[in-house]
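Please examine the structure shown below together with its sequence. The paragraphs that follow lead from a single residue to the arrangement of the whole chain.

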Amino acid sequence: MSWGDYGMLFVFIALCTVAASSGAMFKPDAWYQALKKPWWNPPNWVFPVVWTPLYAMIAVAGWFVWLEAGFAGAALPLTFYVLQLILNALWSALFFGAKRIDWALTEVGLLWLAIATCVVTFWPISQAAALLMLPYLLWVTIAAYLNYTVLKLNPSAAQAA
């Protein structure tokens, strides 16, 4: 493995850091604290604790695919990879920034599909990469259900802006 290969790992880490920065820019605020939430809603401190290793796994997964096939050989899987990062960043902006629980729910469904597509398209190239994406898919499944539950518990807040 060359230094250039490790340089690309840095690129994948940087991409994930950019996506993660949305969560730092759009944080839970008084509006979110006032919403009704289900009994199983994790405390706020859990989210960065969970997301940090998830972003590391997402970065390594993309890097593994690139190592095995390059951009040309993995154009479709890496396109879905970038798409899921964009959708990942967009969710916080919609939910916490725009306070659109309804739009965030639709968007998290698209995120889930993009992650699932990454798993499926990564598998033939790197099973390790596909497996690294599974905890992320599980967490987004939980987050989507939480988003749905918060929407159902707060129907009048769905379109608050």
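In which helix is leucine 9 found? Leucine 9 belongs to helix α1. The model is a predicted one, and this residue offers a convenient place to begin reading it. Leucine 9 has a relative accessible area of 19%, and because buried means under 20%, it counts as buried. Apart from neighbours within four places in sequence, leucine 9 is in contact with Val60 and Trp63. Along the chain, leucine 9 and tryptophan 63 are 54 residues apart, yet a separation of 5.7 Å lies between their C-alpha atoms.

The view may now be widened to the fold. The protein contains six helices and zero strands, and its pattern along the sequence reads α-α-α-α-α-α. Among contacts with a separation of 6 or more, 79% join residues that are 24 or more positions apart. The pair formed by leucine 9 and tryptophan 63, with their positions 54 residues apart, illustrates such a distance along the chain.

What lies inside? The largest nonpolar core has 50 residues, and the members that touch the most others are Tyr81, Phe95, Phe122, Met133 and Tyr136. At least two residues of this core come from each of α1 (3-25), α2 (30-34), α3 (46-73), α4 (75-97), α5 (101-122) and α6 (127-153). The largest share, eleven residues, is supplied by α6. Phenylalanine 95 may serve as an example from the core: when residues up to four places away in sequence are not counted, it touches Trp31, Tyr32, Arg100, Ile101, Ala104, Asn147 and Val150. In the protein as a whole, 44% of the 161 residues count as buried.

The surface completes the picture. About 8,400 Å² is exposed by the protein, and carbon and sulfur atoms supply 75% of that area. Met1, Trp3 and Tyr6 make a nonpolar surface patch of about 470 Å². Of these, methionine 1 is found in the segment before α1. Its relative accessible area is 64%, and methionine 1 is therefore classed as exposed, a term that applies over 50%.

Finally, the overall dimensions may be considered. Taken along the principal axes, the C-alpha atoms fill a box of roughly 55 × 25 × 25 Å. How does the radius of gyration compare with that of a compact globule? For 161 residues, such a globule would have a value near 15 Å; the protein has 17 Å, which agrees.

How values were computed:
Residues numbered from 1 in each chain as written. Predicted model: local features only at pLDDT ≥ 70, side-chain atom pairs only at ≥ 80, totals over all residues. Heavy atoms only, no water. Core = buried A, V, L, I, M, F, W, Y, C linked by side-chain atoms within 4.5 Å. Buried < 20%, exposed > 50% of the residue type's maximum accessible area, 1.4 Å probe, protein only. Helix = DSSP H or I, 4+ residues; strand = E, 2+ residues; numbered from the N terminus. Contact = heavy atoms within 4.5 Å. Patch = residues over 30% accessible without salt bridge, like charges linked within 9 Å, V, L, I, M, F, W, Y side chains within 5 Å. Areas by Shrake-Rupley, 256 points an atom, 1.4 Å probe, with all protein chains shown as cover. Salt bridge = Lys/Arg side-chain N within 4 Å of Asp/Glu carboxyl O. Rg over C-alpha atoms; globule rule 2.2 N^0.38 Å.
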